[in-house]
Amino acid sequence: MFQQIRTHLAAAGAASLLGLFPDAALAQTTDERRERGAAVIQSLNNGMTQPTLEGMRREFPFLAEATEAYALGDVWSRPGLDNRTRQLAAVAAFAAIGETAFMRVHAGYALNIGVSEEELKEIIYMVTVPAGFPKAIAASQVLSQLFEERRQAQRGGPTEQSPAMATGKEAGP
């Protein structure tokens, strides 16, 4: 009798998990997920690949594949939020945890898709509340540098960073 109860509980648990994760029932191949992830990068990065992801692919292929298939292909491409909202959320989250290199990449993507400098500044102002002034100040400094590098690149002037960095592509996806 206890065995039957355990079996029924296990079946109910599996069914409820599939209800919570309906995509699990529609499992896709890793190649399909990676292709979706590559399309996300292309859409955010002005049709270009992401240099850090490509470098990671050579040295850490599993990590690159996981990033592309899961983070980008599964999570980033989910319905429910547009790219603009996702980028603003990513900038805020990375700034709040002090990951300014990743914040910079996502701020670059945000600028690429039409988010204004003023909107990004507002995100950093908001970071002072949950994360404090030190993290917001660090984030503001990185954003100021990114803004200046992009302005210089638009004017055709010299920048301290490489052109790839001027578009926000120097760190992770």
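What covers the buried residues of H5? In this predicted model, the cover includes H3, H4, helix H6 (83-96) and helix H7 (100-112), and the residues of H5 that count as buried are Ala64, Thr67, Glu68, Ala69, Leu72, Gly73 and Trp76. Helix H5 itself runs over residues 61-76 and spans only 20 Å between its end C-alpha atoms, whereas a straight helix of 16 residues would span 22 Å at 1.5 Å a residue.

The setting of this helix is a chain whose secondary structure comes to 10 helices and zero strands. Of its 173 residues, 31% count as buried, and the chain exposes about 10300 Å², of which carbon and sulfur atoms supply 63%. Among the contacts with a separation of 6 or more, 65% are accounted for by residues 24 or more positions apart.

Confidence should be kept in view while reading the model. The average pLDDT is 82, and 75% of the residues score at least 70. Over residues 1-27 pLDDT stays under 50, and the model has three contacts beyond four places in sequence for that stretch; over residues 161-170 pLDDT also stays under 50, although there the model has 31 such contacts.

Returning to H5, two salt bridges tie this helix to other helices. Asp74 forms a salt bridge with Arg33, with the closest N and O atoms 2.7 Å apart, and this pair links distant parts of the chain, since Asp74 lies in helix H5 and Arg33 in helix H3, 41 residues apart. Asp74 counts as partly exposed because its relative accessibility is 24%, whereas Arg33, at 19%, counts as buried. Arg57 forms a salt bridge with Glu68, the closest N and O atoms being 3.2 Å apart, and thereby joins helix H4 to helix H5 across 11 residues. Here Arg57 is partly exposed at 28% relative accessibility, while Glu68, at 6%, is buried.

Between helix H3 (30-44) and helix H4 (51-59) lies the loop that holds Asn45. This residue counts as buried because its relative accessibility is 1%, and its side chain reaches the backbone oxygen of Thr49 at 2.8 Å.

Further along the chain, Lys121 forms a salt bridge with Glu118, their closest N and O atoms being 3.3 Å apart; both residues lie in helix H8 (residues 117-131), three residues apart, which is about one turn of the helix. Lys121 counts as partly exposed, at 29% relative accessibility. Glu117, Glu148, Arg151 and Arg155 are linked in a network of salt bridges, and the count of salt bridges comes to 12.

Methods
Residues numbered from 1 in each chain as written. Predicted model: local features only at pLDDT ≥ 70, side-chain atom pairs only at ≥ 80, totals over all residues. Heavy atoms only, no water. Helix = DSSP H or I, 4+ residues; strand = E, 2+ residues; numbered from the N terminus. Buried < 20%, exposed > 50% of the residue type's maximum accessible area, 1.4 Å probe, protein only. Polar contact = N/O pair within 3.5 Å; in protein donor to acceptor, adjacent residues only side chain to side chain. Contact = heavy atoms within 4.5 Å. Areas by Shrake-Rupley, 256 points an atom, 1.4 Å probe, with all protein chains shown as cover. pLDDT = per-residue confidence, 0-100. Expected span 1.5 Å × (residues − 1). Salt bridge = Lys/Arg side-chain N within 4 Å of Asp/Glu carboxyl O.
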